[in-house]
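Reader: I'd like the labels on this model justified one by one. Please show me the cut-off and then the value.

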Amino acid sequence: MGKLIYFLFFIFISNFTQSSYAQNCNSYSFTNNANYATCVSLPVQNSHLHWNYHAANGTADVAYRHTGVSSGWVAWALNLDRAAMVGSQALVALFSANGSVRAYTSAVTGYTTQLEESALSFDVPAIRAESVNGDVVIYATLVLPSGRTSFNQVWQTGPVSNGAPSAHNLASENRNSVGTVDFATGQAAGGGGGGGNVLHRRNTHGVLNAVSWGLLMPMGAMVARYLKVFKVAHPAWFYIHIAIQVTAYGLGVSGWGTGLKLGSDSVGIKYTTHRNIGITLFVLGTLQVFALLLRPKPDHKYRIYWNIYHVSVGYTVISLGITNVFKGLDILDPEKKWKNAYIGLLISLAVIAVILEAFTWFICLKRKKEEKEQGPVGNGAHGANGYGGHGHGQAA
């Protein structure tokens, strides 16, 4: 079962990361017969970036191409500080009512921006745009700031209202339209050997948390509840339970850490409920781990209170974990089959739990009936091995 889960989620992250990559950019012919030494197909929104880097004067001639757009606006931007929209220095192409397209620059200072025309933090000596056969192309020359060649990049498209750009939607492709570009090495999001780091971190975050909080934690609880009813499983069930839960906690903490990094990079985009549940899971999971160090012996008078605490917190963690996996899936918005696959795995675990629950009750009721029929055990056969009655103070 465990190997199957890891296999399914390995396939998930491989396909989800790669399935949206656009067509190869090398074969495109520009209307002005321009040639660009480097090009990359960006991972989402059918976008491509072409450029020539001039090391002698620290400039780059770029052509950003967005396919399948005949209205609204498109933009490509560099962000000097973070992988986010706020603070980005954008090149914008805006369609007018008559179908013509105008290019200008816009420094994005907040999430309520309408991409007003403004100067950037670095020089853009030349900029123009054109619309050709459903492709919008923005041409520009950039004077790269501070001698740098590596930057965060952002790209978007959206509608126009009353002649001005209005907010783009928040679908998965729009949220994942961030990455990096290095004009000197030729690496960028979706191209060569690098980039796509934000998208990759999001997928990694989702997979780690789905496997840990959303699958392994329930499996570990099932081991503790159903295996210990079998005498032959003592004390193996306890060590299996601990191994699964500690593994789940370790993966969960890794996923939580990537989530914190994503949150710090996504200034202005807050998934408050998802974030708060994640913090709660980390705190409760950590308390469960440390509670093992304070676990009283089975015959200790406070053991019953420890058991109540441990079971209550454990089931709370499982409930919150599954809830947060679904919230994460809604945020990442992968192909529907991945959400269906997770639901299928949960249903499988639920069916197994129902069967084991019924069998456990059958075993327990059968044992109670046998003990009742035997009555108080003195020197009987079962009294000697500790499975019998409590007349001599032995544990059941």
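Author: Sure, burial first: buried means under 20% relative accessible area, exposed over 50%, and partly exposed anything in between, with a 1.4 Å probe and protein chains only. This is a predicted model, so local features need pLDDT of at least 70 and side-chain atom pairs pLDDT 80 or more, while totals for chains, interfaces and linings use all residues. Numbering runs from 1 along each chain as its sequence is written, and side-chain values use heavy atoms, without hydrogens and water.

Reader: Okay, what makes Asn46 partly exposed?

Author: Asn46 has 44% relative accessibility, which falls between the two limits, so it counts as partly exposed. Asn46 sits in the loop between strand 1 and strand 2, and its phi is near 50°, a positive value in a residue other than glycine. Strands here are DSSP E runs of at least two residues, helices H or I runs of at least four, numbered from the N terminus.

Reader: And why is Gln45 called buried?

Author: Its relative accessible area is 7%, under the 20% limit, so Gln45 is buried. Gln45 belongs to the loop between strand 1 (38-41) and strand 2 (47-54), and its phi is also positive, near 65°.

Reader: How do you know that Asp135 and Arg65 form a salt bridge?

Author: A salt bridge needs a side-chain nitrogen of Lys or Arg within 4 Å of a carboxyl oxygen of Asp or Glu. The closest N and O atoms of Asp135 and Arg65 are 3.6 Å apart, so the pair qualifies. Asp135 is in strand 8 and Arg65 in strand 3, so the bridge ties together parts 70 residues apart in sequence. Asp135 counts as buried at 11% relative accessibility, and so does Arg65 at 1%.

Reader: What makes Arg102 and Glu117 a salt bridge, and where do they sit?

Author: Their closest N and O atoms are 3.1 Å apart, so that pair passes as well. Arg102 lies in strand 6 and Glu117 in the loop between strand 6 and strand 7 (126-132), 15 residues apart. Glu117 is exposed at 55% relative accessible area, whereas Arg102 is partly exposed at 42%. The structure holds five salt bridges; one of them joins Asp330 and Lys339, at 3.2 Å.

Reader: How do you know that Thr59 and Asn57 make a polar contact?

Author: The rule asks for a pair of N or O atoms within 3.5 Å; within protein, one must be able to donate a hydrogen and the other to accept it, and residues adjacent in sequence count only through side-chain atoms on both sides. The side chains of Thr59 and Asn57 are joined at 2.8 Å, so the label holds. Thr59 lies in strand 3 and is buried, with a relative accessible area of 10%.

Reader: Last one: what makes a set of residues the largest nonpolar core?

Author: Such a core is a set of buried Ala, Val, Leu, Ile, Met, Phe, Trp, Tyr and Cys residues joined through side-chain atoms within 4.5 Å. The largest has 29 residues, and those with the most contacts inside it include Leu49, Trp76 and Phe183. Strand 8 gives the largest share, four residues. A second, separate core has 28 residues, among them Ala210 and Val317.
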